[in-house]
Amino acid sequence: MTGAYLPFAAPANEAIESIGIIRFNGTLDATSIYRGSSPEVNAAWDRIAVDVRPVRMTLEQLLRTGEKPSPSMARYPDEFGGGYMATVEVIHQLHCVDMLRRVTWSKDQSHDHGARESHEDFRIHLDHCIEMLRQIIMCHGDVTMLTYDWVKGSNDPFPNFNIRHQCRNFEKVLDWVDEHRVSIPKSKMVRLEDNVNLTSPP
């Protein structure tokens, strides 16, 4: 049925609680405990993303997510409570962003921005991108469950990233943007008589 969402019932749905409308801090050089590289910053990221925090799902919970049990799915031994090994997607997403952060801080990164951005400005730009992604991921808190499978040649269960998510139709959003798009030459975008300048970027 067009426009309908599948009735996902992720176990972590019970943890969802709206905290209302939050204004993101997208200022390029905004300070945040999640920006940069230091023991304190690493500890902050570890608190929200370390080890992707595997959890368990019962067979009933697994079926309610819309997935079917498979012999390859990793399950916990009965002496450890049984159930299927799973991860809440938002933790995995934050883990990925943290990997990007750590790599960008691992050495002096070259870039092709040339005269457009100094190294310092490029670093600020990268940090801005990482911080925006971090805020977006935590805001949406995707609780889609990842299952794990045993794979030949691997000693550890391997996460199955090919799972269904309840998503918004991006193409429909893009169509709306195109329908409302304003095309104007850059040279025509000038300050109007009643414009004022901010003292710094928002």
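**Exercise 1. The end of helix 4**

Task: State which sign of phi glycine 141 takes, and where glycine 141 stands relative to helix 4.

Solution. In this predicted model, glycine 141 comes just after helix 4. Its phi is positive, at about 45 degrees. The helix that ends there covers residues 119-140.

**Exercise 2. The length and packing of helix 4**

Task: Determine how many Å helix 4 reaches from its first C-alpha to its last, and compare this with the span expected at 1.5 Å a residue. Then identify its buried residues and the elements against which they pack.

Solution. Step one concerns length. Helix 4 has 22 residues. The expected span is 1.5 Å times one less than the number of residues, which gives 32 Å for helix 4. The model shows a reach of 32 Å, close to that expectation.

Step two concerns burial. The buried residues of helix 4 are Phe122, Arg123, Asp127, His128, Ile130, Glu131, Arg134, Gln135 and Ile137.

Step three concerns packing. These buried residues pack against helix 1 and helix 3.

**Exercise 3. Two buried residues of helix 4**

Task: For glutamine 135 and isoleucine 137, explain why each counts as buried, and list the contacts of each beyond four places in sequence.

Solution. Begin with glutamine 135, a residue of helix 4. Buried means under 20% relative accessible area; glutamine 135 has 11% and therefore counts as buried. Leaving aside neighbours within four places in sequence, glutamine 135 is in contact with Phe24 and Asn25. The link to asparagine 25 includes a polar one: the side chain of glutamine 135 reaches the backbone oxygen of that residue at 3.0 Å. By contrast, glutamine 61, which is 74 residues away in sequence, lies 29 Å from glutamine 135 in space, C-alpha to C-alpha.

Turn next to isoleucine 137, also in helix 4. Its relative accessible area is 13%, so it too is buried. With neighbours within four places set aside, its contacts are Val90, Gln93, Leu94 and Val97. Of helix 3, the buried residues include Val90, Leu94 and Val97. Leucine 28 is 109 residues from isoleucine 137 in sequence, and their C-alpha atoms are 18 Å apart.

**Exercise 4. Helix 3**

Task: Explain why the span of helix 3 agrees with its number of residues, and state what covers its buried residues.

Solution. Helix 3 runs over residues 89-105. Because it has 17 residues, it should span 24 Å at 1.5 Å a residue; its end C-alpha atoms are 25 Å apart, which agrees.

The buried residues of the helix are Glu89, Val90, Ile91, His92, Leu94, Val97, Asp98, Arg101 and Thr104. Their cover includes helix 1 (39-49), strand 2 (84-88), helix 4 (119-140) and strand 3 (145-149).

Two of these residues merit separate attention. Histidine 92 has a relative accessible area of 16% and is therefore buried. Its side chain makes a polar contact of 2.6 Å with the side chain of glutamate 89. Beyond four places in sequence, histidine 92 is in contact with Val52, Thr87, Leu146 and Phe161. Aspartate 98, likewise in helix 3, is buried because its relative accessible area is 8%. Glutamate 79 is 19 residues from aspartate 98 along the chain, and their C-alpha atoms are separated by 33 Å.

**Exercise 5. A threonine in a loop**

Task: Locate threonine 65, decide whether it is buried or exposed, and give the backbone atoms that lie by its side chain.

Solution. Threonine 65 is found in the loop between helix 2 (59-64) and strand 2. With 8% relative accessibility, threonine 65 counts as buried. A polar atom of its side chain lies 2.6 Å from the backbone oxygen of leucine 62. The backbone nitrogen of glutamate 67 is 3.4 Å from a polar atom of that side chain.

**Exercise 6. The largest pocket**

Task: Describe the volume of the largest pocket, the residues that line it and their classes.

Solution. The largest pocket holds about 1,500 Å³ of space. Helix 1, helix 3 and helix 4 are the elements that give two or more residues to its lining. Helix 4 supplies the largest share, eight residues.

The lining has 43 residues, and those nearest the centre are Met138, Cys139, His140, Gly141 and Asp142. By class, the lining has 24 nonpolar, 11 polar and eight charged residues. Glycine 141, the residue with positive phi in Exercise 1, is thus met again by the pocket centre.

Key. Residues numbered from 1 in each chain as written. Predicted model: local features only at pLDDT ≥ 70, side-chain atom pairs only at ≥ 80, totals over all residues. Heavy atoms only, no water. Helix = DSSP H or I, 4+ residues; strand = E, 2+ residues; numbered from the N terminus. Buried < 20%, exposed > 50% of the residue type's maximum accessible area, 1.4 Å probe, protein only. Polar contact = N/O pair within 3.5 Å; in protein donor to acceptor, adjacent residues only side chain to side chain. Contact = heavy atoms within 4.5 Å. 1 Å grid on protein atoms, 1.4 Å probe; cavity = no way out; pocket = protein on both sides within 12 Å on 5 of 7 lines; lining within 4 Å. Points joined across faces, edges and corners; volume = space filled by probe spheres on them. Nonpolar A, V, L, I, M, F, W, Y, C, P; charged D, E, K, R; others polar.
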